[in-house]
Amino acid sequence: MEHSSILISLSLILPLIIFLLITKTKKSPKNLPPGSFGIPIIGQSLDLLRAMRANKGEDWLQDRVRKHGPISRLNLFGTPTVFLHGHAANKFIYTCSEKILANQQPSSIRRLCGERSIMELNGEDHKRVRGALMSFLKPEARDTLVKLFEHLVEGALAVPINLPFTRFNKSLHARSKIRDIILELIQEKKQQLKQNQDLISTLLNMRDVTNSPILSDEEIVDNTIVAMIAGHDTTSILLTFLIKLLAENSEVYKNVLYEQEEIARGKTSSNELLTWEDLGKMKYTWRMATESMRINPPVFCSFRKVIWAGCMTHMDESIYPDPSRFDPSRFENQGGTPPYSFVAFGGGPRMCPGYEFARIETLTLIHYLVTGFQWKLSLQDNFFGRDPMPVFKHGLPIRIELKK
Ligand code: HEM
């Protein structure tokens, strides 16, 4: 072997030997939960991501619970962390003070969404930004930039190694382009001084008692990115599941159609828009959407300083008997269900501020879809994996036509 190749081999193997020696000789402190942190930075990330892409994320976490119990340590997406499981964990996380469990995302999400995004902030800063976002989330929001956001989301749960051709590197590039576009929009909107037409002008126009802007430009950039990610993929994946469900389950379709046609019949013309009152009448349709999110929650796991998959309570037999059965009537009377059992939108002070917005989008789309169109799935065998959001392997091709 040539000298140069020996040197290259040594430089690759030596760090690994040193790492193994260190981890062998270093005793883990007694008060850490069971488990291990694995290889630095990578830890168990690749294992979990592989399981999620095969839609086996829940099984992977269940195995962990069987092996180490409901609390264990691991290393995910560049951050040594603690995994918590179960209904008691949901209750603890959603109700405990931020002094005990401050919000902190894995470093991949932090670097893609920004240091000043709502998901990183705590205390008064969190309240200020959340208030600003919530005051916008009443009217409608949407924009272009879809492709860049797709790239950005792909790297949200990834090992945060920024080397050329890695997913994370592609996502960071997408973030930097999105940041430039949003900064340019901020400058444009500052000159136009238009009132609350969209998310950015709403955030720009917000003033405190001294008439100073409530959010800095960087905070507007980071939180526009979060609102786009949190608001786009979540609702669109819910709608994808519902379109599939309605095509496959004739009983559910019949009930939804009956409810929506009743509402359409109450209109004097087909151009008359839906009202708040109409949305309130769509009780069965929302129960169907809720049951769909119970079985297939769009958001699989969340992070504070710990990671937990709160939605695993959705499959707890003692809370939801025969949990794999699709049954919207479970949500008719919620009296007997313990709090923090259905957590598709999270809970506590960090519960999804887009809940109402997502409900309006979903109910409105389903109304116009079932009353105006009929459709069939083009593919029968189609399964989904999480990447990190649920994605159907072949998309969801459908044959759709106007109702006669
Ligand atoms: C079906 C639709 C949706 C689902 C299932 C969903 C789910 C969630 C969940 C589980 C959380 C809490 C995560 C945690 O506890 O760490 C959350 C937070 C959040 N969601 Fe949603 N969401 C949806 C739609 C939306 C929409 C439409 C928007 C905005 C346009 C939005 C904006 C946000 C924001 C900004 C946060 C962070 C809140 C904070 O940290 O205080 N979401 N969402």
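## Overall composition

The chain contains 14 helices and eight strands. The model is predicted. Of the 404 residues in the chain, 43% are buried. Among contacts in the chain with a separation of 6 or more, 69% are accounted for by residues 24 or more positions apart.

## The four-stranded sheet

Four strands form an open sheet in the order β1-β2-β4-β3, and the pairing is mixed. The edges are occupied by β1 and β3 (302-303), each of which has a single partner strand, so one side of each is left without a neighbour in the sheet. Strands of a sheet pair through backbone hydrogen bonds, in either a parallel or an antiparallel arrangement.

Strand β1 covers residues 71-76, and five of its six residues are buried, so the strand is largely enclosed by the rest of the structure. The edge position of β1 in the sheet is thus to be read together with its burial.

## The β1-β2 hairpin

Strands β1 and β2 (residues 79-84) run antiparallel and are joined by six bridges. Within this pairing, R73 stands opposite V82 in β2, and L76 stands opposite T79 in β2. Two residues lie between the strands of the hairpin, where F77 takes a positive phi near 50°.

Following β2, H85 lies in the loop between this strand and α4 (87-95). H85 has a relative accessible area of 22% and is partly exposed, because the buried class requires a value under 20%. Leaving aside neighbours within four places in sequence, H85 is in contact with Q62, V65, P70 and M312. H85 is also 13 residues from S72 along the chain, with their C-alpha atoms separated by 9.1 Å.

## Packing of helices α10 and α14

Helix α10 (residues 217-248) and helix α14 (residues 355-372) have axes that come within 10 Å and cross at roughly 35°. The crossing of the two helices is right-handed. On the α10 side the contact is made by G231, T235, L238, L239, L242, I243 and L246. The α14 side contributes A358, E361, T362, L365, I366, L369 and V370. By residue class, the contact of α10 with α14 comprises 10 nonpolar residues, three polar and one charged.

## The iron site

The iron atom of the ligand has C352 as its only protein donor, through SG at 2.3 Å. C352 is found in the loop between β4 (307-308) and α14. This loop therefore connects a strand of the open sheet, whose order includes β4, with a helix that takes part in the crossing described above.

## Buried residues in helices α13 and α9

R287 is found in helix α13, which spans residues 283-295. The relative accessible area of R287 is 19%, so this arginine is buried under the 20% limit. Not counting residues up to four places away in sequence, R287 touches P328, F331 and E332.

S201 is found in helix α9 (residues 199-205). With a relative accessibility of 4%, S201 also counts as buried. S201 and D233 are 32 residues apart along the chain, and their C-alpha atoms are separated by 23 Å.

Technical notes: Residues numbered from 1 in each chain as written. Predicted model: local features only at pLDDT ≥ 70, side-chain atom pairs only at ≥ 80, totals over all residues. Heavy atoms only, no water. Buried < 20%, exposed > 50% of the residue type's maximum accessible area, 1.4 Å probe, protein only. Pairing = 2+ DSSP bridges. Axes fitted to C-alpha atoms, helices over the stretch in contact; angles between N-to-C directions. Left-handed = near helix turned anticlockwise from the far one by under 90°. Contact = heavy atoms within 4.5 Å. Nonpolar A, V, L, I, M, F, W, Y, C, P; charged D, E, K, R; others polar. Donors = N, O, S within 2.8 Å, 3.2 Å for Na, K, Ca; no water.
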